[in-house]
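Please work through the exercises below with the sequence and the model side by side, and try each task before you read its solution.

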Amino acid sequence: MASGKKTVLVLRGGGDIGRAVCARLKADGYSVEAPASSLLDLTDTNSINAYFGRKRPVYAGVVHCAGYNSPKPCAETSAEDIGRTLAVNTLGFFEVLRKVLPQMRRSGRGSIVAVSSLYGTFARPGRLPYVMSKHALNGLVKTLALELGPDGISVNAVSPGFVDTKM
């Protein structure tokens with residue numbers, strides 16, 4: 001890092017919550033990398049591999065702000081609906097972490113924050129894929145916190161309730 005600033009990767013930094021996170025990190029003196037989904041598509045492992053194949057990631061932290069929700073009754077929900085939601089909200093994040101964790105482990109520090117949801121704890125009719133993905137995200141965070149804490153890497157989730165955003 002030529003500037004000496006610590007860099008934080010913000011996934012989906014162009015969304016409403018993501019923009020606020022990026023602004024706060026910049027105000028706190030961090031350099032922020034917030035790739036557009038056209039450059040880093042969380043639903044596509046090939047896109048994730050290509051994005052990180054062009055660089056050797058060195059991040060002080062990762063913030064997962066990506067979220068996808070397509071409300072509909074369970075009877076109208078397809079496996080594709082569930083797959084896309086899990087890909088954006090959980091699995092793509094996991095794949096990104098697989099790319100950045102080796103560097104964090106070598107440095108002996110790092111911070112990972114996932115923006116979850118109150119639906120990671122509770123449920124609501126018409127939100128099956130979203131609720132599944134946020135429960136899975138919380139399980140991922142809890143497990144990684146246990147595994148990575150001894151390496152000096154903190155892993156946390158924040159679970160906002162209703163926020164005035166497009167989603």
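The exercises go from the whole chain to single helices and then to charged side chains.

This is a predicted model, in which local features need pLDDT of at least 70 and side-chain atom pairs count only at pLDDT 80 or more, while totals for chains, interfaces and linings use all residues. Residues are numbered from 1 along each chain as its sequence is written, and side-chain values use heavy atoms, with hydrogens and water left out.

**Exercise 1: the whole chain**

Describe the secondary structure of the protein and its pattern along the sequence, and then state how its radius of gyration compares with the globule rule.

Solution. Begin with the elements: the protein has 4 helices and 5 strands, where helices (H or I, at least four residues) and strands (E, at least two) are DSSP runs numbered from the N terminus. Reading along the sequence, you meet them in the pattern β-α-β-α-β-α-β-α-β. The radius of gyration is 16 Å, close to the 15 Å that the globule rule gives for 167 residues, so the protein is as compact as a globular protein of that length. Here the radius is taken over C-alpha atoms, and the rule is 2.2 Å times the number of residues to the power 0.38. Along its principal axes, the C-alpha trace spans about 55 × 30 × 30 Å.

Next, look at burial and contacts. Of the 167 residues, 40% are buried; buried means under 20% relative accessible area, exposed over 50%, and partly exposed in between (1.4 Å probe, protein chains only). Among contacts (heavy atoms within 4.5 Å) with a separation of 6 or more, 69% are between residues 24 or more positions apart.

**Exercise 2: the two sides of a helix**

Find which residues of helix H2 are buried, and explain why they can be said to lie on the same side.

Solution. Helix H2 covers residues 45-53, and its buried residues are Ser47, Ile48, Tyr51 and Phe52. These residues lie on the same side of H2 because they cover an arc of only 120 degrees around the axis, the arc being that of the directions from the helix axis to the C-beta atoms. Now turn to the face directed away from this buried side, where you find the exposed residues Asn46 and Gly53. The cover over the buried residues of H2 includes strand S1 (7-11), strand S2 (31-33) and helix H3 (79-107).

Finally, inspect the start of H2, where a side-chain oxygen of Asp44 comes within 3.0 Å of the backbone nitrogen of Asn46.

**Exercise 3: a buried lysine**

Locate Lys134, and work out what its side chain has around it.

Solution. Lys134 belongs to helix H4, residues 128-148. Lys134 is buried but has no salt bridge, and the nearest side chain of opposite charge, Asp16, is 14 Å away; for this test, Lys and Arg count as positive and Asp and Glu as negative, while His and the chain ends are not counted. A polar atom of the Lys134 side chain does, however, lie 3.0 Å from the backbone oxygen of Val115. Leaving aside residues up to four places away in sequence, Lys134 touches Ala66, Asn89, Val115, Ser116, Ser117, Tyr119 and Gly120.

**Exercise 4: salt bridges**

State how many salt bridges the whole structure holds, and examine where the partners of some of them lie.

Solution. Side chains of opposite charge can pair when their charged atoms come close. Take a salt bridge to be a side-chain nitrogen of Lys or Arg within 4 Å of a carboxyl oxygen of Asp or Glu; a search of the whole structure then finds 5 salt bridges.

One of them joins Asp28 and Arg24, at 3.1 Å from N to O. Asp28 is partly exposed at 44% relative accessibility, and Arg24 is exposed at 55%.

Another joins Arg98 and Glu95, whose closest N and O atoms are 3.4 Å apart. Arg98 and Glu95 are 3 residues apart in helix H3, so about one helical turn separates them. Arg98 is exposed at 52%, whereas Glu95 is buried at 19%.

A further salt bridge is formed by Arg105 and Asp151, with closest N and O atoms 2.8 Å apart. This pair links distant parts of the chain, since Arg105 is in helix H3 and Asp151 is in the loop between H4 and strand S5 (153-158), 46 residues apart. Arg105 is partly exposed at 42%, and Asp151 is partly exposed at 26%.

Technical notes:
A polar contact is a pair of N or O atoms within 3.5 Å; within protein, one must be able to donate a hydrogen and the other to accept it, and residues adjacent in sequence count only if both atoms are side-chain atoms.
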